[in-house]
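User: Please take a close look at one part of this model, the open sheet and the ligand site, and describe how the strands are joined and what surrounds the ligand.

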Amino acid sequence: MEPLLRTTWTDPVTASHGYLVIDRLVGGIAAGGTRVREGCTLEEVERLARAMTLKSGGLDLPVGGAKCGLDVDPHDPAATAILVRFVQALRPFFETYVATGEDMGTTQAQLLQAFAQAGLGVPFQAIVNRSTDPPAEVARAAATFDIQSDGIDLFDLVGGYGVAEAAEAAMTHLGLKPGAITAALQGFGSMGGSSARYLARKGVKVIGIADAGGTIANPEGLDVEHYLALRSPFGEIDRSRLAPGDRALPRDEWLRLGADLAVPAAVADAIHEGNCDQFTGRLIVEAANIPTTAGAERRLIERGVLVIPDFIANAGTNGWALWVVLGLVDPGADAAFAKISQTMRRTVSAMLELADEAGVTPREAATRVALANSDRHLAALGGGTRSAVLE
Ligand SMILES: NC(=O)c1ccc[n+]([C@@H]2O[C@H](COP(=O)([O-])OP(=O)(O)OC[C@H]3O[C@@H](n4cnc5c(N)ncnc54)[C@H](O)[C@@H]3O)[C@@H](O)[C@H]2O)c1
């Protein structure tokens, strides 16, 4: 299915490109994060926007999917100014249809600042603009978004918390116990760092973590909290302070550490046909968006590996942010964690049961459920495309 809209923006100052893709509007709203990555393409953003439609449908949320991407190195000192100009240029969309949030290369705090600097309010302004009292809605949501849990913003935790809950539901399906398995992760930013924290808290032994600078490994288990405390704002670990017994390995070694569980939580297409056979475990839980190529997933499934698809496993951030903005969850960390846990366990179990019954892959089962939910909301609320902007 074609997306509703694809837009390419050229920065008048640096000639960098930015992209907005609206895959589907439901009730006049499409939600999805903003990615800042050197090499980001329109095609990548289009695939991610599609995944956002499925993510909203998977959690039965009454919104469609969109995504923004900037082909910019997030370390570039000009990145913030480019992001502000991008937001300003796409203002008509951000005021009306598109609600965004953090993604790879951006934090929620950076986005809030960029939207404020662009004079646009907040990244989810399109949704609050539909309420009768937008400033009160912004204040209510902002109070919840401001919360931290054990020193980290809740916004940067809920995604990985959901990944860990999805992983545990999948372990139950496979008859595995968290305390008896090992995990390796690619990425140690918002998603990877929080996935590692909550997997470790379940008793999973985290034996490898890769960031952009390489892999850190220890077959006896890594002290996740030690590395969370040393992490840079870009999710990178200071190599001068490795814990005793931990080894620094090349970046791509994370997949061949012999872990039972792999959590790709960084780049797209991280697991492909050229490296998927390096993984000898039973379970892959996709914290990143589109981290496994279709060919690799086929090969892994043939080998009996269970792959929990991205748009289910990593939907915690999107789901929680939308629940908050739409007023569907109580404020506070406890309410957030409780609702994510309940929703994730129920969704993963239902997906795996349907996959078994229908003889299809978990991704196919989840896609059916997600699209049926999205179609139902679309039928009830309409697409909202009859507007001045998109007509
Ligand atoms: N942040 C969210 O709320 C959220 C929600 C759902 C999905 N996602 C997806 O999760 C993935 C990660 O997003 P994030 O927000 O955690 O990003 P982030 O910028 O916070 O962290 C990215 C991490 O990946 C590492 N990394 C980058 N390139 C790498 C490489 N080639 N090899 C190994 N590590 C590498 C970085 O060093 C960093 O540790 C993306 O695919 C994103 O779309 C993010």
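Analyst:
**The open sheet and the ligand shell**

In this predicted model, Ala184 has Ala262 in S13 as its bridge partner. That pair belongs to a parallel arrangement in which strand S9 (residues 182–186) and strand S13 (residues 261–264) are joined by four bridges. Both strands sit within an open sheet of seven strands, whose order is S12-S11-S10-S9-S13-S14-S15 and whose pairing is mixed. At the edges of the sheet are S12 and strand S15 (306–308), each of which pairs on one side only. Averaged over the sheet and with direction ignored, neighbouring strands are turned by 20° against each other. As a general point, the strands of a sheet pair through backbone hydrogen bonds, and they may do so in parallel or antiparallel fashion.

Antiparallel pairing can be followed from S10 through S11 to S12. Strand S10 (residues 205–211) runs antiparallel to strand S11 (residues 214–217), and four bridges join the two. S10 and S11 make a hairpin, with two residues lying between them, and Asp211 finds its bridge partner in S11 at Gly214. S11 is in turn joined by three bridges to strand S12 (residues 247–249), again with an antiparallel course; here Ile216 has Ala248 of S12 as its bridge partner.

Elsewhere on the sheet, a helix packs over several strands: helix H7 (residues 158–174) lies across S13, strand S14 (283–285) and S15, and its direction makes an angle of about 155° with S14.

Turning to the ligand, 27 residues surround it, and the closest of them are Gly189, Gly235, Ala266, Ala288 and Thr317. Sorted by class, this shell holds 11 nonpolar residues, 11 polar residues and five charged residues. The sheet takes part in the shell through S10, since S10 and helix H8 (190–201) each supply at least two of its residues. The largest share, which amounts to three residues, comes from H8.

Where does the ligand shell lie with respect to the two domains? Residues of the shell are given both by domain 1 (5–56 + 65–146) and by domain 2 (156–358), and the shell around the ligand therefore lies between these domains.

Taken together, S10 links the two topics of this request: S10 is joined to S11 by four bridges, and S10 also supplies at least two residues of the shell around the ligand.

Conventions: Residues numbered from 1 in each chain as written. Predicted model: local features only at pLDDT ≥ 70, side-chain atom pairs only at ≥ 80, totals over all residues. Pairing = 2+ DSSP bridges. Near = placed C-beta within 6 Å. Nonpolar A, V, L, I, M, F, W, Y, C, P; charged D, E, K, R; others polar. Domains from an automatic or database assignment. Axes fitted to C-alpha atoms, helices over the stretch in contact; angles between N-to-C directions. Contact = placed C-beta atoms within 7 Å.
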